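Morning, everyone. I have one short item today, and I will keep to what can be read off the coordinates.

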Amino acid sequence: MAECLFCAIVAGDIPSAQVLETDRILAFRDINPQAPTHVLIIPKAHYPDVAALAAADAALLGEVIDAAQQVAAA
């Protein structure tokens, strides 16, 4: 989506400090962290919210959760 901040980050139009990337997800550090470690993990495809993601692609939602575990462990 043209006006989506996260889509612009995925496209590389907005730089990010990437932590983890696969063909379907991207994890990057928050530019305004509210904790010492604050990483955002998003699907590369646009979904308006997690409910839409779960309804459209439960496997991708699982990948996002798996990535969260990997990032937390690291």
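I will go from the overall fold to the aromatic pair, then to the salt bridges. Please keep in mind that this is a predicted model.

Start with the overall layout. The protein has three helices and three strands. Going along the sequence, their order is α-β-β-β-α-α. So one helix comes before the strands and two come after them, by that same pattern.

Next, the dimensions. Along the principal axes, the C-alpha atoms occupy a box of roughly 35 × 30 × 20 Å. The radius of gyration is 12 Å, which agrees with the value near 11 Å that a compact globule of 74 residues would have.

How much of the chain is buried? Of the 74 residues, 26% are buried. The exposed surface comes to about 4,900 Å², and 58% of that is supplied by carbon and sulfur atoms. As for contacts, take those with a separation of 6 or more: 30% of them are between residues 24 or more positions apart.

Now the aromatic rings. The count is one aromatic pair. That pair is Phe6 with Phe28, and its geometry is tilted, with 6.5 Å from centre to centre and 45° between the planes. Why does this pair tie together separate parts of the sequence? Phe6 belongs to helix α1, residues 5-11, while Phe28 belongs to strand β2, residues 25-29, so the pair joins parts that are 22 residues apart in sequence.

The two rings are covered to unlike degrees. Phe28 has 3% relative accessibility, and therefore counts as buried. Phe6 has 36% relative accessibility and counts as partly exposed. For anyone checking the classes, buried means under 20% and exposed means over 50%, with partly exposed in between.

Phe6 also has a role in the surface description. Together with Leu5 and Ile14, Phe6 makes a nonpolar surface patch of about 250 Å². Leu5 sits in helix α1, the helix that also holds Phe6.

On to the charges. How many salt bridges does a search of the whole structure find? The search finds three.

I will take Glu21 and Lys44 to begin with. Their side chains meet at 2.7 Å, N to O. Glu21 is in strand β1, residues 18-21, and Lys44 is in the loop between β3 (39-43) and α2 (50-56), so this pair ties together parts 23 residues apart in sequence. Both ends count as partly exposed: Glu21 because its relative accessibility is 44%, and Lys44 because its value is 24%.

A little more on Glu21. Setting aside neighbours within four places in sequence, Glu21 is in contact with Leu26 and Lys44. Leu5, from the surface patch, is 16 residues from Glu21 along the chain, and their C-alpha atoms are separated by 17 Å.

The other two bridges involve Arg24. In one of them, the side chains of Asp57 and Arg24 meet at 3.2 Å, N to O. This links distant parts of the chain, with Asp57 in the loop between α2 and α3 (58-73), Arg24 in the loop between β1 and β2, and their positions 33 residues apart. Is Asp57 buried or exposed? At 18% relative accessibility, Asp57 counts as buried. The cut-off for buried is under 20%. Arg24, at 28%, counts as partly exposed.

In the other, Glu63 meets Arg24, side chain to side chain, at 3.1 Å, N to O. Here too distant parts of the chain are linked: Glu63 is in helix α3, Arg24 is in the loop between β1 and β2, and the two are 39 residues apart. Glu63 counts as partly exposed, at 29% relative accessibility. Through shared partners, the salt bridges join Arg24, Asp57 and Glu63 into one network.

To recap on the display: find Phe6 and Phe28 for the tilted ring pair, Glu21 and Lys44 for the bridge from strand β1 to the loop after β3, and Arg24 with Asp57 and Glu63 for the network. That is my item.

How values were computed
Residues numbered from 1 in each chain as written. Predicted model: local features only at pLDDT ≥ 70, side-chain atom pairs only at ≥ 80, totals over all residues. Heavy atoms only, no water. Helix = DSSP H or I, 4+ residues; strand = E, 2+ residues; numbered from the N terminus. Rg over C-alpha atoms; globule rule 2.2 N^0.38 Å. Buried < 20%, exposed > 50% of the residue type's maximum accessible area, 1.4 Å probe, protein only. Contact = heavy atoms within 4.5 Å. Areas by Shrake-Rupley, 256 points an atom, 1.4 Å probe, with all protein chains shown as cover. Phe/Tyr/Trp six-rings, centres within 6.5 Å; stacked < 30°, edge-to-face > 60°. Patch = residues over 30% accessible without salt bridge, like charges linked within 9 Å, V, L, I, M, F, W, Y side chains within 5 Å. Salt bridge = Lys/Arg side-chain N within 4 Å of Asp/Glu carboxyl O.
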